[in-house]
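Subject: Structure for your review

Dear colleague,

Please find the structure below, together with its sequence. My notes on what was found follow directly after it.

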Amino acid sequence: MNSKLPFVHRFHAMTVPCEVQILSLDLTHFPKACAKSIADEIEQNTHRLEGKYNFYSDNSWLTRQINQRTTSEVELDSESAEVFEHLDRLSQLTFDTFDTTVGSIKHLLKQKPKMSHSHAFQALSSALGKQAWELKEAIGQEETVDLQRTRLHVPDSRTRFDFGGVIKEYAVDQAVKIGKRLGATSMLVNFGGDIYALGTKPDGSPFNIAVLDPRDNKTPFFAVPITDAALTTSAHSERQMQFGDKTTSHILSKQGVEKKILSVTAIASSTLEAGVLSTSLTLNPNISVPEESAVIYIDDQLHIHQSTEFLHS
């Protein structure tokens, strides 16, 4: 029997509260569609991704196969190859501003917590950024069938990947794919503020998504209507990173965040792309935003902007 709609399912994963709202199902083409089954599969897949790509777990695939690699090349499974291919493209889009190799800095600080910010980035200069890794295609044979495999080439043994800011967003996109595959036509996925709105509400109206006040993350500041789109917000005032000489934003980079920007909200066709854009623009607001995406800034005076002209005034 199909679940009563709307159906709301909540769970906790990737250190954040997760919610899936299913508002309508296509019972014509998916007569066995069930909201509870969709939500259960989404939760199961989210926990699977969390376990596989957890930077802080000694038992995750990311730690064992990538960050504790014993050679400069690692063969990737198809899912991991897809993730790294997305990161390759998004790294180019942001001019290497978005950098998952900052896991190298976190690993170094764990060993040397008193190291200064500039010294840490200087010491790991060859282990950071897109220069530190590349994807290679390798042709192999299995039972006389040619297979094309993707290999990750990482020459510096100090390079560590941290997929925080990647896998949660990827999990939202995966949740949407699961929903579509199983018959959902109207669904809202919200993993700790990383959001995708599938379709419209049953009455045909868009989903109105609240963006929180960057200085009070419990208070809505403005709302954005979205349909078949993702919305993410990055703010550098919530969490911090401790170096030997100073405390910085948890969004790590050599140059630091743009202090006139308190938060960036990005709307894009995928949650992963929106997340990469919103994070990168807090560091480098000069990045070109793709035409199909939109960005909203909140400055240090709590004013809202849709361009970066305020930075030059």
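Is Cys34 buried or exposed? Cys34 is buried, with a relative accessible area of 14%; the cut-off for that term is under 20%. Please bear in mind throughout that this is a predicted model.

Cysteines

The structure holds 0 disulfides. Cys34 is in no disulfide, and the nearest cysteine sulfur, that of Cys18, is 20 Å away. Cys18 likewise takes part in no disulfide. Its relative accessibility is 4%, so Cys18 also counts as buried.

Strand S2 and its partners

Strand S2 covers residues 16-25, and 8 of its 10 residues are buried, so the strand is largely enclosed by the rest of the structure. S2 pairs with strand S1 (residues 7-13) through 7 bridges, and the two run antiparallel. Within this pairing, His9 has Val20 of S2 as its bridge partner. The hairpin of S1 and S2 has 2 residues between the strands, and Met14 takes a positive phi there, near 55°.

S2 is also joined to strand S6 (residues 184-191), again by 7 bridges and again in antiparallel fashion. Here Glu19 stands opposite Asn190 in S6. As a general point, side chains in a regular strand alternate between the two faces of the sheet.

Helix H1 and Asn45

Asn45 lies in helix H1, which spans residues 35-52. With a relative accessible area of 12%, Asn45 is buried. Which residues does Asn45 contact, leaving aside its neighbours within four places in sequence? They are Gln174 and Ile178. Asn45 and Ala175 are 130 residues apart in sequence, yet their C-alpha atoms are 7.9 Å apart in space.

Helix H4 and the second largest pocket

Helix H4 runs over residues 103-111, and its buried residues are Gly103, Ser104, Ile105, Lys106, Leu108 and Leu109. The cover over these buried residues includes helix H5 (117-123) and strand S11 (240-242).

H4 also contributes to the second largest pocket, which holds about 320 Å³ of space. The elements that give two or more residues to the lining of this pocket are helix H2 (61-67) and H4. H4 gives the most, with 3 residues. The full lining consists of Phe55, Tyr56, Asp58, Thr63, Asn67, Gln68, Lys106, His107, Lys110, Arg160 and Met241. Lys106 therefore appears in two places in these notes, as a buried residue of H4 and as a lining residue of the pocket. By class, the lining divides into 3 nonpolar, 4 polar and 4 charged residues.The cavity

The count of cavities of 30 Å³ or more comes to 1. How much space lies in the largest cavity? The volume is about 60 Å³. Its lining is formed by Leu87, Ser91, Asp96, Phe98, Asp99, Thr100, Gly129, Lys130 and Trp133. These residues fall into 3 nonpolar, 3 polar and 3 charged.

With kind regards

Note on methods
Residues are numbered from 1 along each chain as its sequence is written. This is a predicted model: local features need pLDDT of at least 70, side-chain atom pairs count only at pLDDT 80 or more; totals for chains, interfaces and linings use all residues. Side-chain values use heavy atoms; hydrogens and water are left out. Buried means under 20% relative accessible area, exposed over 50%, partly exposed in between (1.4 Å probe, protein chains only). Helices (H or I, at least four residues) and strands (E, at least two) are DSSP runs, numbered from the N terminus. Contact means heavy atoms within 4.5 Å. Two strands pair if DSSP finds at least two bridges between them. On a 1 Å grid over the protein atoms alone, a cavity is a set of points where a 1.4 Å probe fits but cannot get out, and a pocket is an open set with protein on both sides within 12 Å along at least five of seven lines; lining residues have an atom within 4 Å of a point. Grid points are joined across faces, edges and corners, and a volume is the space filled by probe spheres set on the points. Ala, Val, Leu, Ile, Met, Phe, Trp, Tyr, Cys and Pro count as nonpolar, Asp, Glu, Lys and Arg as charged, and the others, Gly among them, as polar. A disulfide is a pair of cysteine sulfur atoms within 2.5 Å.
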